Amino acid sequence: YQRRVRGFSKIIKQPTMRSTLLVVLFVSTLLVFFHQALSAAKDYPQESEDCLTKEIPWEEVVQHNHEKDLWLVLFGKVYDVTSWVPRHPGGVLIVEGRERDSSELYRQIHSKAIDTLLPQYCIGKIIPKAE
């Protein structure tokens, strides 16, 4: 074992070998990263049938307005985020989005990468308020 370690140490000390090993390590790391990213992309939650077809009036949305029962309106859709509230990185600040179209507030704070979490919470489309 010690001879192997010493032999490996000698190889590593050679500049060309060290460069080659660093490149191999870097490429391997990239491959693992991309493999994980592609695997995760397949696992993104899809919007339910209700999300695409069910219409929800504002009167119903405003009844769900606290951290134990919270619906948000984002980009024309209604999301039941009640189960997300305890895990939300911003804590109960998520409740600030209640009873209104929170799309602009959401976009100011969140990157588009976070949008992949939304489909699992979607419960329908908002019926626009009558003017």
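The pLDDT is the predictor's confidence in each residue, on a scale from 0 to 100, and it is a sensible place to begin because the model in your viewer is a predicted one.

**Colour by confidence**

Colour the whole chain by pLDDT, and keep in mind that the average over the chain is 82, with 74% of the residues scoring at least 70. Then select residues 2-13, which form helix α1, where confidence is lowest, with a mean of 58, and after that select residues 69-74, strand β3, where confidence is highest, with a mean of 97. Where pLDDT is low, the predicted coordinates should not be read in detail.

**Switch to a cartoon**

In a cartoon view you can look for 5 helices and 5 strands, and if you trace them from the N terminus they follow the order α-α-α-β-α-β-β-β-α-β. The chain has 131 residues, of which 21% count as buried. If you turn on the surface, the chain exposes about 9800 Å², and 61% of that area is supplied by carbon and sulfur atoms. Among the contacts in the chain with a separation of 6 or more, 68% are accounted for by residues 24 or more positions apart.

**Select helix α2**

Next select residues 15-42, helix α2, which is where Val27 has its place. Val27, together with Val23, Phe26 and Leu31, makes a nonpolar surface patch of about 400 Å². Is Val27 buried or partly exposed? Val27 counts as partly exposed because its relative accessible area is 39%, which falls between the 20% and 50% cut-offs.

**Look into the cores**

Now select Leu70, Leu72, Leu74, Tyr79, Val81, Ile94 and Leu118, which are the residues that touch the most other members of the largest nonpolar core, a group of 13 residues. The largest share of this core, 3 residues, comes from strand β3. Another core, of 8 residues, lies apart from it, and Trp58, Val61, Val73 and Ile126 are among its members. Return to Val81 and show what surrounds it: leaving out residues up to four places away in sequence, Val81 touches Leu70, Leu72, Ile94 and Tyr121.

**Select His64**

His64 sits in the loop between α4 (58-61) and β2 (65-66). Why does His64 count as buried? His64 is buried because its relative accessible area is 15%, and the cut-off for buried is under 20%. If you set aside the neighbours within four places in sequence, the residues in contact with His64 are Asp69, Leu70 and Trp71.

**Select Lys77**

Move on to strand β4, residues 77-80, where you will find Lys77. Which residues does Lys77 touch, not counting those up to four places away in sequence? They are Glu47, Cys51, Leu72, Cys122, Gly124, Lys125 and Ile126. You can also draw a distance from Lys77 to Lys54, which is 23 residues apart from it along the chain, and the C-alpha atoms of the two should come out 9.8 Å from each other.

**Finish at the salt bridge**

Side chains of opposite charge can pair when their charged atoms come close. For the last stop, show the side chains of Arg107 and Asp115, which meet in a salt bridge with a distance of 2.9 Å from N to O; the count of salt bridges comes to 1. Arg107 counts as partly exposed, because its relative accessibility is 28%, and Asp115 also counts as partly exposed, because its relative accessibility is 23%.

Definitions and conventions:
Residues are numbered from 1 along each chain as its sequence is written. This is a predicted model: local features need pLDDT of at least 70, side-chain atom pairs count only at pLDDT 80 or more; totals for chains, interfaces and linings use all residues. Side-chain values use heavy atoms; hydrogens and water are left out. Helices (H or I, at least four residues) and strands (E, at least two) are DSSP runs, numbered from the N terminus. Patches are made of residues with over 30% relative accessible area and no salt bridge: like charges are joined within 9 Å, nonpolar side chains (Val, Leu, Ile, Met, Phe, Trp, Tyr) within 5 Å. Accessible areas come from the Shrake-Rupley method with a 1.4 Å probe; for residues, only the protein chains shown count as cover. A salt bridge is a side-chain nitrogen of Lys or Arg within 4 Å of a carboxyl oxygen of Asp or Glu. Buried means under 20% relative accessible area, exposed over 50%, partly exposed in between (1.4 Å probe, protein chains only). A nonpolar core is a set of buried Ala, Val, Leu, Ile, Met, Phe, Trp, Tyr and Cys residues joined through side-chain atoms within 4.5 Å. Contact means heavy atoms within 4.5 Å.
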